[in-house]
Each structure stands twice: as structure tokens, then as C-alpha cells.
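Visitor: I'd like a close look at the charged pairs here, please. Could you start with a single pair, and then walk me outwards from there?

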Amino acid sequence: MQLTYLEAIRQGIWEEMDRDPSVFCLGEDIGIYGGAFKVTDGFIDRFGPERVIDTPIAESAIVGAAFGASLTGMRPVAEFQFMDFIGCAFNQISNMVAKTHYLWGAPAPLVLRGPSGGYVHGGPFHSQNPEMWFVHNPGLKVICPATPYDAKGLIKAAIRDNNPCIFFEHKYLYRRIKGEVPADDYVVPIGKANIVREGRDLSIVTYAAMVHTALEAAEILAKENIDLEILDLRTVSPLDREAIAATVKKTNKVIILHEHSRTGGLAGEIAAIINEEVFDDLDGPIVRITGLDSAVPFSPPQEHHYLPKVEDVVRESRRLKAY
Amino acid sequence: MAIKKKNSKHSPNGSRRHNGASPATTIDLRTYSIPDLRLEHPDLSVRQSTEKDGHVRYEVTGNLDAPVPPIRDSKYLSKQQCIEIYRYMLLNRKMEVALENLYKQGKVVGGVYFGLGQEACSCASAYALDKDDWFAPMIRNQGSLLVRGFAARDTMMQYMAKADSPTRGRDGTSHFGDIEKRNMVSPISMLGDLIPVLSGVALGARLQGRNVAVMTYIGDGGQSTGVTYEGINFAAVQNLGLVLFIESNLWAYSTPSEMQYRCKDLAERAIGYGIPGVIVDGTDACQVYDAAREAVERAHAGEGPTLIEAKMMRMKGHAIHDAASYVPKPMFDFWKKRDPIARFDNYLVKEKKWLSSKENAELISEVERIIEAEREIAINSPMPEPESAEGGVYCEDGCHDIKPKYGTPKVKKGTGGYKETEAAVHLK
């Protein structure tokens, strides 16, 4: 069936709550209101207020409570109204949840999920992609799906995973893309990247909304006989090093594309992996296309200027192809 | 305890009362009470004062010569239970003396934290928990661990960063946990974060059909953090069985409680949370136990959280490196007379005559023998292999079998099958 990205996530959580009584949801306005973006719409009627819990506006309490419940063998799914607000719970996530298994051996099977990303003029506090705050925290899995199929398969995998998973949903994609999602039960493995377009000239390593930006650019460039390969990381921690190395080995040229700001961004880490794994295979400089080193500005022309665009990918691909 | 059931319909803190002077101008007035079990109310206060030499020091005022009050007889504890708590308090103190010696011998990695003067609070509180209840200690509650069945060697090996320590060298002090047998959540160094976590434990258990009590601690300093508020409020809103001890030990590292908060007693904050609050003398094991037990029973009955403020003084520095020279000496003298072990010793031996001097001496030497044996085991544990720093970041397949601890959660079949959601109005 054809589902929106949002519906795929909603269906994934619904199915997991149906099959496993230890799964429950908590977050702000997720009950009768169904969540700010309606991801949990109808859940409270179907699963009851015990398993669909409206919380105070207290992100540290939400994460702490989810973690505590997970210690009793529950599988909580906590919603952040916007992922920008995850910073309010940073200490709980970084020092409590992420370190638990390494330090004292307790598993923390919980999911922290919510909308992230720009292109919707949300302004500096409703447009961020804060995934790198957590990539730099060993012990967490960080997931950023790009398609309805992956979104459903990965949210189900995250709920079943025995580790704390942070699930970044891209709000620009919520209702803008539809895709085929099978009716039967399936999961997409965490930590595995996916080639969404095969090509021979150069590789775009990217994820989330930028996958669609890269695909658009690839259509334009195909007319110029520039053939892009696009690797969708799907999970940004742990990274699929093999897949990154394999695509660079194949095309010998690589652009890393992400939405969040440049300095200390994921592209730097991926460039280092390429350097370590396949340096000899490179036929050109590793190119980064990223957001600017500033907050995400509010006004549409400014936001447009801040964020990576199709024309950026087209321009940089032409430049790298000619290298 | 804090709350009479008949009042709880209106407010968990007390009763609503009519000011009935004239029916036409009836005003609802709320009255709240914070029960105070203490038999004395020290009036000491600390402030900064600039002295003639230009130095700024802390100065204490109040009645520093007040007589030591008696121990309040417990409503619940038997003779045997009192002696058992006393024994744990002795173990707590002797273990920390042993740790101090290990530090002086250069065997401890990092510092040592003490609960000197707080043994009654740590031990009598944890003693009030039932087997299926959960707890999480803070750094001065090393006695709670002993009560909950951990051996002194566990804490000692943690301090020495040994391979056989509960965290196998990965963390020190009382930073370890056990979700299988002893239901302990490992603390982290950041203050207040355990409160929502313990609340979540109670939430998880309740979803599985069990009301467990979840006990944790916070200091008069630590309660200043925002997550403390978030955690207590979450427990209050969800009516979870949190038993929170605020250990008002007067000093947060070097900062006196006068510079930490403005209200008279931290237990008053319970009013703002809408939960019962109670004050106890933290150096009186019987008061600590009684308040804790009533809170635990409230938790088991599904009646929600309780805040217990235990008043005492931290009788050493923040950690072993800190001589606490900022504490006015008369305060040490005042609280030394209220040493929880000396008071309980006096109560059991002289007042109640539940222990003869000979039995007491035997008990003390038995505890010393145990600690010595534990110390030997701890010392003889090897240091971890360097490579053991690796692995275990993730829970890999098969490393844990995760299932609900108290049984399959009851699933309510609600109304409505799955159907696609409609977009929010502004997204249409």
C-alpha cells in the first residue's frame, strides 16, 4: 500500500504496540490530541490512557521515566514534540541512558523519537537536526530514515532493539512523500546503509531529506551524462563503514551531503572513515555540502540560503566530475 | 503520617477549611501541614561575614548548647529490628573507616566519599523497603547498599577500581546497580537525575500490575537542580510510589543551605508538588524508619509519592581531599553530640537495655571482623586488564533476555481499529 512517511511511522508503532504489551508511549500531547503532528492519533482510544501517557512539559522527566520503565523490561517509546527540545533532556540521555550498559550492564530498550529538520520555516528552535549531539555519545543508536518503507521498518527495529535508539523523523517528509509499504510485518536492520541509486561517476553519501535532494540532482545530472550513485546511510550511529567504503571504491569520488551545520558535522567523520578505509581509491577531494555554521534562520529566503539545495549538489557534482 | 485519608480528597497536603464568618462571603482557605517528627528544632543559621582581617568566612548563630534530644520510640520497629539497623549503621561506618585507611595506603583510585553522621538516614530508610522495591543511593548512602544485600567488598573494590568490582573497573564509588536481584539503579554524578528514573521504574512496574516503592535520595544542594522538580512532579502527576529522601545535611560541598534555598524547610516544597511531606531528625534511626515505612506503604497502596526531609549534618568534607575548614567549628561540636550511632548505641544499651554492654562490644567486634575480611578480599582482587575497557557499549544480541520483570502487562482492548490519520488542520 502507498503510505506517507508519517503514516508509515504511525503504523509501525501501532503494530508494535499491538504485538508486544511491553511497548507503551509517553510524551507531550500524544494522547487525546494525538501528538503535534498526529503520529499517535487514535492510539489512546485503541490502547488506553495507561499505554499512551500525556506527560508534563518536562523532557528530562520523560527520558528519565522512559529509562526507568525500560529497566523493568518495558519498551517505552517517548515522543519529543520537536527534536530541538531533546537538548532539555541531554544529561539524561548522555550520562544516564547512553552509559548504562557499558558501566553497569543494564540494557535500556527505549526509543526517543520526534520530528527534526528544516525546509518548513520553523525557525531556529523548530528546524534543527541535532543528531550529531548523540552520534558523539557511545551507547546510543541514531536513526534517520528517508522513505516510508525505511521509516516503518526502522521504527519497528528500534522498538525491538535492546539499546536506546534515537529516531529522527524528518518533518519535511512527513506528508510530502508517499511510498510503497508492504502490509506484512518487516523490519529494516539498524546500522545498514542502502544504495538508493546506482551510478558510476561519483557517490553522494547522505541520509534523511537530503536523499531526495540528491535524487533530484541526479535526474538533472543524468541529462549531462553525470551518473550519481546515492548511498542512504539510514542509521548515522553506528555508521555502515563497509557501505561507505564500497561506494567510494566503486566511483572514486564522493560528496557528503547533510543538512546540519558544517563544523563538527557528520561529513567530517565520514571523510575520516574514507581516509582510513579507501584513501588509495580516491580520485578527487572529498566534498562536503552542508548547512551553514549558524543557527537555522527563520525567514524563508534566509533559510533557503542556509540549507543545502539541489543546485548545490548539481554544481558540486559537475565540479568533482571534472576533477 | 503526613496525610489523613479523610483530607486527601481535597488536597494531599491537608484540608480545605471554610472561613465561615458569613455564608455570603465564604472563602475557601487551604491549610497544609508538614508533620515534623523531630524532638528538637535546632535554630542554627549560617551566614557569610567579613572579618577584621578582611577574609570572608561562614559564621554560625543560634543555640549551640541545646541538649541532645532522646530517640523517638518507633511505632513499628521491634527490638530485633532496631538492633539489626544499628548493626548496619556500624557496618556502614566501619566500612568507611576502612576506605579512609585504604586511601591513606594509596590503594584507592581517586577520592573517598563519606556518609559520616548520615548512617541512620541511609540504613534505616533502606531497611523500610520490601524485597521487590527499588532504590538508588546517592554518594553518601553507602549504608543503603549494605542493607539491600550488597557486600562491603563491592563498594571497596569500586573505590580501588578492581577487576571484580560490580562495574569491573568501569566506574567507582557507589556507582553500580543490579536490576535482577537487588533492584538498584546505578547513580550518576549529576544530581537529581535519579528521581525521574526511579519514577519510571514505578511506572513500568505499575504497567505490569505491581505497585512497588522506589526510594532515592537528594541533598539540600542537589535538590536545586531542575530535574529534581521534573522528577518529583512527574511522580506526583502520575501518582507513582516515589519515596524521596531529601538529606538536608547543611553543606553542599562548601555552600551552606542558606545559600541554596529560601524556604524554611525543604519538606515544605511537598505542598507545591501536591504530595505529602514530612520532616525527620536524620540522626534518629527510628524517626527515619517510621517515615520511610509509612511512605513505602503508601507506595504499595498506590497512593503516590512522599517527600521526607531528613535533617542532619555532613560530618566530613565533600570528599576526602576536603578538610571542611569552611564549616564553623561550633557546628561540628553541636552535631558531633548528635552522632547517629552514639545516640542509637545509648538508646539500645542504656535506655532500652535491649543490648548489654557485652553484647554491644561483641557486635562491634563482629562488624570489625566482617569489614576486615571484606577488605582482604577487595585488596586481593586484581586490577582489570587494559583491554577490558573495550566492549559492552551496546547490548548485543543474546546478551540480555529482556522481559517484563513483574509479568506481562495487562493490555486493554480499546475502541477503534487502525485507520489512516488525517492531517492536522494547518497541514491540510
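Guide: Let's start in chain B, where the side chains of B:Lys311 and B:Glu309 come together in a salt bridge, with N and O 3.0 Å apart. Please keep in mind that this is a predicted model. Are the two partners buried or exposed? Both B:Lys311 and B:Glu309 are buried. Elsewhere, salt bridges with shared partners link up into one network that takes in A:Glu15, A:Glu16, A:Arg19, A:Lys152, A:Lys156, A:Arg160 and A:Asp185.

Two further pairs are worth a look for what they connect. Over all chains, the structure holds 53 salt bridges. In one of them, the side chains of A:Arg241 and A:Glu276 meet at 2.8 Å, N to O. A:Arg241 belongs to helix α9 (residues 241-251) of chain A and A:Glu276 to helix α10 (residues 266-278) of chain A, so this pair ties together parts that are 35 residues apart in sequence. A:Arg241 is partly exposed at 28% relative accessibility, while A:Glu276 is exposed, with a relative accessible area of 55%.

Back in chain B, B:Lys94 forms a salt bridge with B:Glu368, and their closest N and O atoms are 3.1 Å apart. Here B:Lys94 sits in helix α1 of chain B and B:Glu368 in helix α11 (residues 357-380) of chain B, so the parts tied together are 274 residues apart in sequence. Both ends count as partly exposed: B:Lys94 has a relative accessible area of 24%, and B:Glu368 is at 39% relative accessibility.

Not every lysine described here comes with a salt bridge partner in my notes on it. A:Lys309 is found in the loop between α11 (300-306) and α12 (310-321) of chain A. Its relative accessible area is 13%, and because buried means under 20%, A:Lys309 counts as buried. What does its side chain reach? One partner is the backbone oxygen of A:His304, at 2.6 Å, and another is the backbone oxygen of A:Leu307, at 2.7 Å. Leaving out residues up to four places away in sequence, A:Lys309 touches A:Thr213 and A:His304.

From charge, let's turn to the nonpolar interior. The largest nonpolar core has 158 residues, and those with the most contacts inside it are A:Leu71, A:Leu233, B:Trp134, B:Val185, B:Phe245 and B:Phe344. Helix α1 (residues 79-104) of chain B gives the most to this core, with 12 residues. In chain A, domain 1 (2-180) and domain 2 (194-321) each provide at least three residues of this core. Apart from it lies another core of 56 residues, including A:Ala151, A:Ile190, A:Leu221 and A:Leu257.

For a view from inside chain A, take A:Leu233. Beyond its neighbours within four places in sequence, A:Leu233 has contacts that include A:Val205, A:Tyr207, A:Leu239, A:Ile244 and A:Ile270. For a view from inside chain B, take B:Met215, which lies in strand β6 (residues 214-219) of chain B. B:Met215 is buried, with a relative accessible area of 0%. Setting aside neighbours within four places in sequence, among its contacts are B:Leu129, B:Trp134, B:Phe135, B:Leu198, B:Val243 and B:Phe245. The C-alpha atoms of B:Met215 and B:Ala295 are separated by 9.4 Å, although these residues are 80 apart along the chain.

That leaves the place where the two chains meet. How many salt bridges are counted between chain B and chain A? The count is 0. There are, however, 19 residue pairs in polar contact between chain B and chain A, with both residues at pLDDT 80 or more. On the chain B side of this contact, α5 (194-207) and α6 (226-238) each supply at least two residues. The biggest share of that side comes from α5(B), which gives 9 residues.

Altogether, 60 residues of chain B are in contact with 58 residues of chain A. The area buried between the two chains is about 4,900 Å², with carbon and sulfur atoms giving 63% of it. B:Tyr394, B:Ile402 and B:Tyr418 supply 15% of the area that chain B buries against chain A, more than any other three residues.

Definitions and conventions
Residues are numbered from 1 along each chain as its sequence is written. Chains are lettered from A and ligands numbered from 1 in the order in which they are written. This is a predicted model: local features need pLDDT of at least 70, side-chain atom pairs count only at pLDDT 80 or more; totals for chains, interfaces and linings use all residues. Side-chain values use heavy atoms; hydrogens and water are left out. A nonpolar core is a set of buried Ala, Val, Leu, Ile, Met, Phe, Trp, Tyr and Cys residues joined through side-chain atoms within 4.5 Å. Buried means under 20% relative accessible area, exposed over 50%, partly exposed in between (1.4 Å probe, protein chains only). Helices (H or I, at least four residues) and strands (E, at least two) are DSSP runs, numbered from the N terminus. Domain bounds come from an automatic or database domain assignment. Contact means heavy atoms within 4.5 Å. Buried area is the accessible area (1.4 Å probe) that two parts lose on being put together, summed over both. A salt bridge is a side-chain nitrogen of Lys or Arg within 4 Å of a carboxyl oxygen of Asp or Glu. A polar contact is a pair of N or O atoms within 3.5 Å; within protein, one must be able to donate a hydrogen and the other to accept it, and residues adjacent in sequence count only if both atoms are side-chain atoms.
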